[in-house]
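Trainee: Could you take a close look at one part of this model with me? I'd like to go through it slowly.

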Amino acid sequence: MVAELTQLRDKIDAVDQQMIDLLAQRLALVAEVGVVKSQHGLPIYAPDREAAMLASRRQEAEQRGVPGDLIEDILRRTMRESYASEKDSGFKCLQPNLRPIVIIGGRGQLGGLFANLFRLSGYHVEVMSSRDWGERSDQLLANPGMVIVTVPINRTVDIIECLSHLPQDCILADFTSIKAKPLQAMLSVHAGPVVGLHPMFGPDLPSLAKQVIAYCDGREPQAYQWLLEQFQIWGASVEPISAPAHDQNMILIQALRHFTSFAYGVHLAEEDPNLDQLITLSSPIYRLELAMVGRLFAQDPTLYADIIMASEDNVAMIRRFHQRFGEAIALLECGDKAGFIDAFNHVEQWFGDYAPRFLSESKTLLKQANDAVHRTRKMI
């Protein structure tokens, strides 16, 4: 039995080696694709091509008795690596005559990510930090083609107010996660092109493929249209939105979400369970939830304090959430099962078709989370 099992495992190992060889060939072809896309200014992410290819491979796999989900998982992971490697070929420069791009806060993680992308696209990029104000800032801000402000929220408006002497045709933009106040400050201080930008992702990405950059028109959109197109070449989707609507959405997407993770983390720390046991006994969905909470506490607390406390509107939303949390607790204290079910059904109706869609998407995420788990087998 042992010899038979060894022979079969050797055959599996040989097939795995063939898979590695094929993946290496695929990545080499992707590198060639990246060169062509760079030369012609094509986006690294082509959603129609991706969808059509995945549908074809699923059909072909199922015809040969291979689960469609399996081949899609393999290809999606492979494509994620492919998108990351395509940027090594650089990107087409849509505005080759642009004067230097100055990124204020460019030594930070997000500023550094964009500085690198602009450089890969052939732009002249200069970065500034708080240490550079004075003679160097006067020099860098004398004649830039674009200035991007990416500093902590509580310093953004103050920095913008120092930019009153930019050239008329210079594009002024910011990357702040709130938009109304920074956009108004930019419009007040600069008479030229202005756009508010919010990259909806963190700085630890290998590629912008499938990521979203929200933008709020400020002034002279024709002057920065090339910038939005440059983002798309990098693989991002650009989503127009008004500054008030953006900020209202961010209260839920960022402030409330981060606060609830913070509050749950505080609760866990005060309850002080055995974290190793908690993780060992976790279902895939709880492990994923726990990972998202733990992820928050592995990052800069000042950043999240600034996001959560950025406005009174954030605090008001958190107060309303607290009220509804209390109302939900009241259902439990009264043993009101019917009331609980009514509330549940009300929320299900609000989600509508998104509820089953999210159920399907979450199953994929849970499978991936479970795949990453390594458990040691204990003898009983």
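In which sense do strand β5 and strand β6 pair, and over how many bridges?

Mentor: Keep in mind that we're looking at a predicted model. Strand β5, residues 194-199, and strand β6, residues 212-219, run antiparallel to each other, and their pairing covers 6 bridges. If you want a spot to put your finger on, go to Val-195: across from it in β6 sits Asp-217. Now stay on β6 and turn to its pairing with strand β7, residues 237-240. Here the sense is parallel, with 4 bridges between β6 and β7. A handy marker for this pairing is Ile-213, whose bridge partner in β7 is Val-238. So what links the two parallel strands? Follow the chain from β6 through helix α8, residues 221-233, and on into β7: together they form a β-α-β unit, and it's right-handed.

While we have the model open, helix α2 is worth a look too. It takes in residues 47-63, which is 17 residues; at 1.5 Å a residue that should span 24 Å, and the C-alpha atoms at its ends are indeed 24 Å apart, so the two agree. Glu-50, Met-53, Leu-54 and Ala-61 are the buried residues to pick out in α2. Look down the axis and the buried residues of α2 stay within an arc of 100 degrees, so they line one face of the helix. Turn to the face pointing away from that buried side and you'll find Asp-48 and Gln-63, both exposed. Just past the end of α2 comes Gly-65, with a positive phi of about 80 degrees.

How values were computed
Residues are numbered from 1 along each chain as its sequence is written. This is a predicted model: local features need pLDDT of at least 70, side-chain atom pairs count only at pLDDT 80 or more; totals for chains, interfaces and linings use all residues. Side-chain values use heavy atoms; hydrogens and water are left out. Two strands pair if DSSP finds at least two bridges between them. A crossover is right-handed if, with the strands pointing away from the viewer, the path from the first strand over the helix to the second runs clockwise. The expected span of a helix is 1.5 Å times one less than its number of residues. Buried means under 20% relative accessible area, exposed over 50%, partly exposed in between (1.4 Å probe, protein chains only). The arc is that of the directions from the helix axis to the C-beta atoms.
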